[in-house]
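Open the model in your viewer and keep the sequence panel beside it. The tour moves from strands to cysteines.

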Amino acid sequence: MDYESIASKFQMEGAFIQGEPFGCGHINDTYALYFKQASARPVRYILQRMNESIFRNIEELMQNIASVTSFLSEQVKCEGGNAQREVLQIIKTTDGGLYYRDNRGNCYRAFLFVEDTVCLQTIEKPEQFYQAAKAFGKFQRQLHAFPAETLFETIPHFHDTRDRYRLFTEAVARDTAGRAKSVQKEIDFIRMREKDTGVLLDLLENEQLPLRVTHNDTKLNNVLLDHKTGKGICVIDLDTVMPGLIHYDFGDSIRYGASTAAEDETDLSKVSMSLELFAAFSKGFLEECGQSLTETERTYLPFGAKLMTLECGMRFLTDYLNGDTYFKIHREHQNLDRCRTQLKLVEDMEKKEEKMAAIIRECRQYCF
Ligand code: ADP
Ligand code: GN1
Ligand code: MG
């Protein structure tokens, strides 16, 4: 990959030194580019080749990110913060565009690298999850007044769990990769929970839950924490910011971050949902955005965690059945392993439903 030539298309300052693959996202190809400037340490930028088989309209996707980040930057400034560090900053192309398409058709974008931060793949101590929760909760609070109608739908039906279930049953029926027989147990587990897939959507349709602007992909490695203070600094990966339910953001964070094991752990005896981590996240999230939530929204938070986990398990299995065309894999059967951890978590959350509800009730004090 000719990093230097792609870098020359963006407004990056200094002399190009080198580029390298970076991060652990499942969707885009991410790189860090190093530049020499006057300062002693090199300056880095993030370069991403966007995944166009997933994001069908790059123009709309980048317009969403531009409008969300400029809105957030104003909010952060009003609260006395540093927008350069607390909000993802797009680096424009030399002709002022939001992305660059090369002559092979690849599409790139760039961001300021948020330095002196850590991006965790797993939680080492509950405090870290509390800080991640504060950042996601603040993100939700700061986008409260964002004009939702100006956002494009970057992935239609992204958290339409009923539709995800339909795609799953289609994948089972089609069995493109010839794997359905070997995953009957997982298929049955999901089928038994079909009725769960419509619960939040029914509440939305009956106007018992409000539509908000949500991030929709709030896993732990989509937030950067300050490497010294440990505080949540910047929410990243804004590709899926769209109208949604609060449960999508709360739930997806719990699914990934409150698990006692990695998303692709093969030893399922290590996988459970930690109530301690659930409590840490609930506290941080509700301290920041609890005041704007309705009673019904709060009540369904534990269910949201279970539903997002079930949805993700279903998505991993669908992709496995389709022959691994959506999520990046680094080894064979990784999507099946990912599916299995999610289903194990769902089972565990079902057992801990009452305890999760009690934790949310204890957080009531942050909601008034
Ligand atoms: P994907 O959609 O593939 O998950 P992300 O936008 O989440 O892509 O980026 C992948 C990883 O790159 C992140 O998990 C994080 O480690 C790193 N990253 C992305 N943007 C930045 C940034 N602005 N500053 C520092 N690290 C970043
Ligand atoms: C993907 O992009 P990344 O790696 O942060 C996916 C999420 C899944 C997650 C599972 C656009 O997130 O929806 O929950 O993998 N993003 C997209 O780890 O599909
Ligand atoms: Mg990501």
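Here are the stops, with what to select at each.

This is a predicted model, in which local features need pLDDT of at least 70, side-chain atom pairs count only at pLDDT 80 or more, and totals for chains, interfaces and linings use all residues. Residues are numbered from 1 along each chain as its sequence is written, chains are lettered from A and ligands numbered from 1 in the order in which they are written, and side-chain values use heavy atoms, with hydrogens and water left out.

**Strands**

Select residues 29-36, strand β2, then add residues 43-49, strand β3. Strands here are DSSP runs of E, at least two residues long, numbered from the N terminus. β2 and β3 pair in the antiparallel sense, over 7 bridges; pairing requires that DSSP finds at least two bridges between two strands. Show F35: V43 in β3 stands opposite. The two strands, β2 and β3, make a hairpin, and 6 residues lie between them.

Now add residues 107-112, strand β6. This strand pairs with β3, also antiparallel, over 5 bridges. Pick Y45 and look across to L112 in β6, its bridge partner.

**Cysteines**

How many disulfides does the structure hold? There are 0 disulfides, a disulfide being a pair of cysteine sulfur atoms within 2.5 Å. Select C119: the nearest cysteine sulfur belongs to C24, 7.2 Å away. C119 is partly exposed, at 35% relative accessible area. Go next to C234, also in no disulfide, where the nearest cysteine sulfur is that of C119, 11 Å away. C234 is buried, at 0% relative accessible area. Buried means under 20%, exposed over 50%, and partly exposed in between (1.4 Å probe, protein chains only).

Key: Helices (H or I, at least four residues) and strands (E, at least two) are DSSP runs, numbered from the N terminus.
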